[in-house]
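Work through these exercises with the sequence and the model open side by side. Try each task before reading its solution.

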Amino acid sequence: MEAIRISCAGFPTRRQFDEFIKHFSVLCPEVQSSRYDEVIASKKILEKVGLKGYQIGKTKVFLRAGQMAELVAQRNEVIGRSACTIQRNVRSFFARKFFLLLQDSAIRIQSICRGQLARDFYEWRRRDMASLMIGKFGRMFLAKKTYKLLCISVVSIQTGLRGMAACNELSYRRKEKAAITIQSHFCGFVARIHYKRMKKAAVTTQCAWRVRVARRELRKLKM
């Protein structure tokens, strides 16, 4: 009879406290995180929603017509928002995870590419240095070879010039010696001719003088 009276008074919907709290606690999150009495928790949920005209019994919550639909609508709205938030957070989590994975992959790819570029640059640099060293040693070898050939040529030219100078000196000395010999023989020849002439002149003079003296003596004897 009491239930019929309450229904007739305008409270067609009624729920047990535990069922009501379990079903609509999403509308008031602090009820879930705090240990409230069932009556206080039910009142907080209804106050949070802003319903008026409800009644709180000893074991049940009594709602007027349409209030249950409003609670269900608000619950669905909260659940929808929560689902959107969860989906957004999940999508953000997977997006961040994918971004971090993509970033890590990009960093790894960049590291591999940079390492390969560094190795290629090092190999190119090593080959370039090797080619420079080969060119350097090649030029050094050619310079040494040219220098040795030049030294040999200079020594050969110096030897030839010194030999030529020695030959010229020897020829000059031979000519000088020959000239001295010729001059000596010529001077001797001239001296001998002069001596012979002087001797002949002296003999001739002596003969003439002796003839004269002899004639003078002869004249004295004849007298």
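**Exercise 1. Cysteines**

Classify C207 and C84 as buried, partly exposed or exposed, then give the count of disulfides.

Solution.
- Step 1. This is a predicted model, and its values are computed.
- Step 2. C207 has a relative accessible area of 39%. Partly exposed covers the range between under 20% and over 50%, so C207 is partly exposed.
- Step 3. C84 comes out at 44% relative accessible area, so C84 is partly exposed too.
- Step 4. A disulfide is a covalent bond between the sulfur atoms of two cysteines. The cut-off for counting one is a pair of cysteine sulfur atoms within 2.5 Å.
- Step 5. By this rule the count is zero disulfides.

**Exercise 2. A nonpolar patch**

Find which residues make the nonpolar surface patch of about 390 Å². Then place I86 in its element and classify its exposure.

Solution.
- Step 1. The patch is made by I86, V90, F93 and F94.
- Step 2. I86 belongs to helix 5, which spans residues 67-222.
- Step 3. The relative accessible area of I86 is 51%. Exposed means over 50%, so I86 counts as exposed.

**Exercise 3. Salt bridges in helix 5**

Give the total count of salt bridges. Then analyse three pairs: R108 with D104, R127 with E123, and R125 with D128.

Solution.
- Step 1. Start with the principle. Side chains of opposite charge can pair when their charged atoms come close. Here the cut-off is a side-chain nitrogen of Lys or Arg within 4 Å of a carboxyl oxygen of Asp or Glu.
- Step 2. The count by this rule is six salt bridges.
- Step 3. Take R108 and D104. Their closest N and O atoms are 2.9 Å apart, and the pair forms a salt bridge. Both sit in helix 5, four residues apart, so about one helical turn separates them. R108 is exposed at 53% relative accessibility. D104 is partly exposed, at 35%.
- Step 4. Take R127 and E123. The closest N and O atoms of this salt bridge lie 3.2 Å apart. Both residues are in helix 5, with a spacing of four residues, or about one turn of the helix. R127 is exposed at 57% relative accessibility. E123 has 26% and is partly exposed.
- Step 5. Take R125 and D128. Their closest N and O atoms are 3.8 Å apart, and this pair also forms a salt bridge. R125 and D128 are three residues apart in helix 5, so about one helical turn lies between them. R125 is partly exposed at 40% relative accessible area. D128 is partly exposed at 23% relative accessibility.
- Step 6. Check for shared partners. Salt bridges with partners in common join E123, R126 and R127 into one network.

**Exercise 4. The whole chain**

Describe the protein by its elements, burial, contacts and surface.

Solution.
- Step 1. Count the elements: five helices and three strands.
- Step 2. Put them in order. From the N terminus they run α-β-α-α-α-β-β-α.
- Step 3. Assess burial. The protein has 223 residues, and 12% of them count as buried.
- Step 4. Turn to contacts between residues at least 6 apart in sequence. Of these, 52% join residues at least 24 apart.
- Step 5. Finish with the surface. The accessible surface of the protein is about 18700 Å². Carbon and sulfur atoms account for 62% of that surface.

Technical notes: Residues are numbered from 1 along each chain as its sequence is written. This is a predicted model: local features need pLDDT of at least 70, side-chain atom pairs count only at pLDDT 80 or more; totals for chains, interfaces and linings use all residues. Side-chain values use heavy atoms; hydrogens and water are left out. Buried means under 20% relative accessible area, exposed over 50%, partly exposed in between (1.4 Å probe, protein chains only). Patches are made of residues with over 30% relative accessible area and no salt bridge: like charges are joined within 9 Å, nonpolar side chains (Val, Leu, Ile, Met, Phe, Trp, Tyr) within 5 Å. Accessible areas come from the Shrake-Rupley method with a 1.4 Å probe; for residues, only the protein chains shown count as cover. Helices (H or I, at least four residues) and strands (E, at least two) are DSSP runs, numbered from the N terminus. Contact means heavy atoms within 4.5 Å.
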